[in-house]
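Open the model in your viewer and keep the selection box at hand. The stops below go from helix to helix, then to the cavities and the surface.

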Amino acid sequence: MPPQSTSWQQSLKAFLHPRVVTMFFYGFSAGIPLLLIFSSLSLWLREAGIDRSTVTYFSWAALAYSFKFLWAPLIDRLPIPGLTRWLGRRRAWLLVAQATVAISVFSISLVDPTQPGALNLMAFAVVMLGFTAATQDIVIDAYRIESAGAELQALMSSSYIAGYRIGMLTSGAGSLVLASWLGSTSEAYSYPAWQTTYALMALTMLVGAITTLIIREPDNPRTSPYQYSSSQYLKFLTIFVAGIATFISVYVMTAELATALRTTLTDLLHNGVLSGLIVETLRLTLAILTVAVVIKALSLTPLYEKRLVTESYLEPVRDFFQRYGKRLALLLLVFIGFYRISDIVLGVISNVFFEDIGFTKTEIAGVVKTFGLFMTIAGGFLGGLLAVRHGVIRVLYLGAFLTVATNLLFLWLAYAGHDIRILYAVISADNLTAGLASAAFVAFLSQLTNVSFTAVQYAIFSSLMTLLPKTIGGYSGSMVDNLGYPGFFLLASLMGVPVLGLIYLIQRHEAFRQ
């Protein structure tokens with residue numbers, strides 16, 4: 001993956017390419033849901049009087065992003081009656097995903113978390129938002145890789161990140177300012193304020209929907225030697241739905257047992273974080289094993305279309321291991337799983353931290369969301385330009401090192417307390433680094449992807465990218481309770497150190513030397 005021999009002027013001009021501009025609007029559409037699951041929802045629940053540990057557990061709803069490879073083959077294969085013929089494969093799924101994201105956000109607005117049993121209803125709506133938002137990401141990623149060559153991927157990644165961050169500004173800072181203006185504060189909670197805020201956020205998905213209707217369908221280089229009937233696709237979908245239903249059923253049926261086991265282990269180990277991690281790991285393992293048994297049983301029935309399943313699930317994986325070899329392929333997968341661990345784990349609790357040390361929602365919106373947005377966009381464009389000029393691997397090195405260094409700055413803020421100048425300094429460094437590292441990482445993943453298996457391979461990569469960090473991030477509230485903020489920030493920063501060694505090992509291979 002050598003750097004491109006492109007002048008700075010040519011690189012800057014390429015940002016005006018239609019495909020690069022399109023990714024800006026799709027980035028906005030993809031950025032809307034995330035903070036409605038994470039920070040904005042966290043502050044809503046905190047104002048409603050929900051305890052911190054429960055608040056951070058809601059971040060697990062975003063684990064749909066980490067398991068999207070499971071239904072990526074469906075998105076890649078299944079036609080949508082009427083829409084696929086009219087819009088094409090990618091645009092049809094984009095429009096459906098964007099519509100269902102809007103519906104999910106609006107559903108959240110209808111739930112007041114202070115009412116009895118409301119948290120269960122909200123959890124269901126938030127999980128639906130995570131699922132539909134992850135589906136949108138699957139199609140956007142496939143569209144990006146299929147619509148342009150490798151020479152534009154770094155710049156398209158930068159444009160996507162810029163739009164993504166503006167989407168996050170809208171759903172993050174925008175929702176905080178709007179909720180405050182409508183009358184909800186930490187001292188005086190107002191459900192109607194948050195209800196109106198989330199209802200308006202649902203309308204912002206029109207940006208993505210309009211973009212989908214305007215653009216043209218990308219050329220698809222993949223052609224299957226086989227043609228499948230509607231009944232075969234329906235069987236394929238039935239197996240997937242059965243697997244999801246089994247997974248959810250296991251989680252629901254083991255809820256009370258998990259609570260009891262967590263309490264017992266906490267008494268024995270005197271460590272709530274470790275006990276929770278053990279119990280949830282066992283619960284997840286049991287659910288996955290049960291799904292595997294159900295799928296194996298269904299494979300013995302007429303529902304199982306072996307050729308379709310092989311083409312959809314096995315061939316993309318086989319292709320990746322054939323292209324890179326078993327050892328390098330495994331190394332790449334480990335690297336993908338760890339590259340953003342420090343950044344994501346810390347990010348889950350950051351807004352709660354800012355409020356806990358005395359910053360108001362208005363200050364958080366102004367500094368963290370608004371000012372931080374521009375720093376992230378600047379970092380994204382800088383990362384894209386540096387990747388084009390000097391190669392993706394070198395920028396990955398820089399991003400990994402700076403992530404560890406800038407996350408340590410949160411220790412400074414934790415000891416300083418409510419100091420707006422230090423907050424500006426920390427956010428400047430942290431967001432500039434996040435933008436730079438993300439642009440290089442997305443470009444790297446795009447280059448790893450074979451255009452013949454775009455949706456599935458990239459979904460696997462991006463799922464691995466967030467699976468471990470978001471799983472650990474769900475315990476961030478409990479870790480803070482046990483370690484305090486300084487201890488948590490130190491631990492989160494140290495999580496990023498092994499990434500530097502992984503990049504070194506990857507760069508030693510011929511395919512990645514620059």
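Helices here are DSSP runs of H or I with at least four residues, and strands are runs of E with at least two, numbered from the N terminus. The model is predicted, so local features need pLDDT of at least 70 and side-chain atom pairs count only at pLDDT 80 or more, while totals for chains, interfaces and linings use all residues. Residue numbers start from 1 along each chain as its sequence is written, and side-chain values use heavy atoms, with hydrogens and water left out.

**Stop 1: Ala440**

Select Ala440, which is found in helix α21. Is Ala440 buried or exposed? Ala440 is buried, at a relative accessible area of 0%. Buried means under 20% relative accessible area, exposed means over 50%, and partly exposed is in between (1.4 Å probe, protein chains only). Now add Val395 to the selection: the C-alpha atoms of Val395 and Ala440 are 6.1 Å apart in space, although the two are 45 residues apart in sequence.

**Stop 2: helix α3**

Select residues 39-47, which make up helix α3. Eight of the nine residues in α3 are buried, so the helix is mostly covered. The buried residues are Ser39, Ser40, Leu41, Ser42, Leu43, Trp44, Leu45 and Glu47. Move on to Gly49, just after α3, where phi is positive at about 90°.

**Stop 3: salt bridges**

A salt bridge is counted when a side-chain nitrogen of Lys or Arg is within 4 Å of a carboxyl oxygen of Asp or Glu. How many salt bridges does a search of the whole structure find? The search finds five, and three of them are visited here, beginning with Arg90 and Glu146.

Select Arg90 and Glu146: the closest N and O atoms of this salt bridge are 2.6 Å apart. Arg90 lies in helix α7 (residues 89-109) and Glu146 in helix α8, so the pair ties together parts that are 56 residues apart in sequence. Arg90 counts as buried, at 2% relative accessibility, and Glu146 is buried too, at 10%.

Stay in helix α8 and select Asp141 and Arg144, which are three residues apart and therefore separated by about one helical turn. Their salt bridge has its closest N and O atoms 3.0 Å apart. Both residues are buried.

Next select Asp319 and Arg323, whose side chains meet in a salt bridge at 2.9 Å, N to O. Both lie in helix α16 (residues 306-324), four residues apart, which is about one turn of the helix. Asp319 counts as buried at 12% relative accessibility, whereas Arg323 counts as partly exposed at 34%.

**Stop 4: the cavities**

A cavity is a set of points, on a 1 Å grid over the protein atoms alone, where a 1.4 Å probe fits but cannot get out; lining residues have an atom within 4 Å of a point. Grid points are joined across faces, edges and corners, and a volume is the space filled by probe spheres set on the points. A search of the whole structure finds four cavities of 30 Å³ or more.

The largest cavity holds about 1,000 Å³ of space. Which residues should be selected to find its centre? Of the 43 lining residues, the closest to the centre are Leu34, Tyr164, Arg165, Met168 and Arg340. Helices that each supply at least two lining residues include α2 (18-37), α9 (150-171) and α22 (454-473). By class, this lining has 23 nonpolar, ten polar and ten charged residues. Ala, Val, Leu, Ile, Met, Phe, Trp, Tyr, Cys and Pro count as nonpolar, Asp, Glu, Lys and Arg as charged, and the others, Gly among them, as polar.

The second largest cavity has about 90 Å³ of space. To display its lining, select Tyr339, Arg340, Asp343, Thr403, Thr406, Asn407, Asp430, Thr433, Ala434, Ala437 and Ser438. Two or more of these residues come from each of α20 (392-416) and α21, and α21 gives the most, with five. The lining has three nonpolar, five polar and three charged residues.

**Stop 5: a nonpolar patch**

Finish on the surface by selecting Leu200, Leu203, Leu206, Ile210 and Ile214, a nonpolar patch with about 510 Å² of accessible area together. Patches are made of residues with over 30% relative accessible area and no salt bridge; like charges are joined within 9 Å, and nonpolar side chains (Val, Leu, Ile, Met, Phe, Trp, Tyr) within 5 Å. Accessible areas come from the Shrake-Rupley method with a 1.4 Å probe, and for residues only the protein chains shown count as cover. Helices α11 (191-203) and α12 (206-214) each give two or more residues to the patch, with the largest share, three residues, from α12. Ile210 is in helix α12 and is partly exposed, with a relative accessible area of 48%.

Technical notes:
On a 1 Å grid over the protein atoms alone, a cavity is a set of points where a 1.4 Å probe fits but cannot get out, and a pocket is an open set with protein on both sides within 12 Å along at least five of seven lines; lining residues have an atom within 4 Å of a point.
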